[in-house]
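Reader: I am new to this structure and should like to understand the terms used to describe it. May I ask how each description is justified?

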Amino acid sequence: MPVHEITDPDDDRIADYRALTDVELRTRWEPPHGLFIAEGELVLRRALRAGYPARSYLVDAKRVDQLADLDTGDAPVYAATPDVLQRATGFHVHRGVLASFHRRPLPSADEVLAAARRVVVLEDVNNHTNLGAIFRGAAALGVDAVLLSPTCADPLYRRSVRVSMGEVFAVPYAKLERWPAGLDQVRQAGFTVLAMTPAPDAVPIQRLTPAQRERAALLLGAEGPGLTEAAQSASDVRVVLPMRRGVDSLNVAAAAAVAFWELGRDDPL
């Protein structure tokens, strides 16, 4: 595995990794260039197993041996000191391993729905940490796919990928380009759209009927504002997680995990 030493943080060969903490810059750089960044050895190995082709690797020079067993193919391996890594990326790369990957074309919502029994639909979830945590919960708790409104954050942004521990590669996802009209598309595929809300007149999630649980599409909104009225109106049932001690809501990723478990509690293990 040939390794190319990088001594200049402005070296054009590592342009993919520049200013990784600048969300606006990364949004302008990554999707148009068809790439995303994986951080940490575990995450990059999961990306490779999921079939994403690597563009390049950027590694702390002391950790090059961690990649010694990989078939890196045509993707160059760059090594640098921690100082050069930090100056190039904008943060201390404490995991010591980064990789740039080619994106793959997204499937259509119809393709994703056809292969799923239980899905989560997200409206305007634009916090990358929450998005990554929802994907991780979906993978762990029996949700087959994620559907995103046009205003959701990018699941392949570095922070989302890292927080999900690479599970964004394991759970199929697609965009609903028309919103909230796209919820009709979900319903036509045979799903019951369940809108999560703290409203006092919503149905406690544990009281859903077997028919409502059978093919559930759990609809969640952004942290703070929650679901829009239009999205709730386009749903079939409004559901709530019953709370105690006067707490009115949970973090959206935490609420999603609880709801995922409840909807899948009778699934065979």
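Author: Helices and strands here are DSSP runs, of at least four residues for a helix and at least two for a strand, numbered from the N terminus. On that basis, residues 119–260 are 32% helix and 19% strand, and the end C-alpha atoms of this span lie 9 Å apart. The model is a predicted one.

Reader: What feature does UniProt place at residues 119–260?

Author: The record, an unreviewed entry, gives "domain: tRNA/rRNA methyltransferase SpoU type" for residues 119–260. Such an annotation may be inferred rather than shown by experiment.

Reader: What makes β1 and β4 a pair, and in which sense do they run?

Author: Two strands pair if at least two bridges are found between them. β1 and β4 have three bridges, in the parallel sense, and therefore meet the requirement of at least two. Within this pairing, Glu5 has Ala79 of β4 as its bridge partner. The strands β3 and β4 also run parallel, joined by four bridges, and there Val59 stands opposite Ala79.

Reader: Why is the pairing of the sheet called mixed?

Author: The parallel pairs include β3 with β4, whereas β2 and β5 (residues 97–102) run antiparallel, with five bridges between them. One of the residues in that antiparallel pairing is Leu35, whose bridge partner in β5 is His102. The five strands form an open sheet in the order β1-β4-β3-β5-β2, with mixed pairing.

Reader: Why is one side of β1 and of β2 left without a neighbour in the sheet?

Author: β1 (3–5) and β2 (35–39) each have a single partner strand and stand at the edges, so one side of each has no neighbour there. From one strand to the next, the twist averages 25°.

Reader: Which strands does helix α1 lie across, and what is found at its start?

Author: Helix α1 (residues 23–33) lies across β2 and β3 (54–60), at about 110° to β2. Helix α3 (residues 82–89) also packs on the sheet, where it touches β3, β4 (77–80) and β5, and its direction makes about 130° with that of β3. At the start of α1, a side-chain oxygen of Asp22 comes to within 3.3 Å of the backbone nitrogen of Glu24. A polar contact requires a suitable pair of N or O atoms within 3.5 Å, so this pair is inside the cut-off. After α1 comes Gly34, with a positive phi near 65°.

Reader: How do you know that both faces of β4 are covered?

Author: In a regular strand the side chains alternate between the two faces of the sheet. In β4, Val77 and Ala79 lie on one side, Tyr78 and Ala80 on the other, and all are buried. Buried means under 20% relative accessible area.

Reader: Why does Asp124 count as partly exposed?

Author: The limits are 20% for buried and 50% for exposed, with partly exposed in between. Asp124 has 28% relative accessibility and so counts as partly exposed. Asp124 lies in the loop between β6 (119–122) and α5 (128–140), and has a positive phi near 60° although it is not glycine. Met165 has 25% relative accessibility and therefore also counts as partly exposed. The phi of Met165 is positive too, about 55°, and this residue is in the loop between α6 (158–163) and β8.

Reader: What makes the peptide bond from Trp179 to Pro180 notable by its omega?

Author: Omega is near 0° for the bond from Trp179 to Pro180, and the bond is cis. Pro180 is placed in the loop between β8 (173–175) and α7 (182–188).

Conventions. Residues numbered from 1 in each chain as written. Predicted model: local features only at pLDDT ≥ 70, side-chain atom pairs only at ≥ 80, totals over all residues. Heavy atoms only, no water. Axes fitted to C-alpha atoms, helices over the stretch in contact; angles between N-to-C directions. Contact = heavy atoms within 4.5 Å. Buried < 20%, exposed > 50% of the residue type's maximum accessible area, 1.4 Å probe, protein only. Polar contact = N/O pair within 3.5 Å; in protein donor to acceptor, adjacent residues only side chain to side chain.
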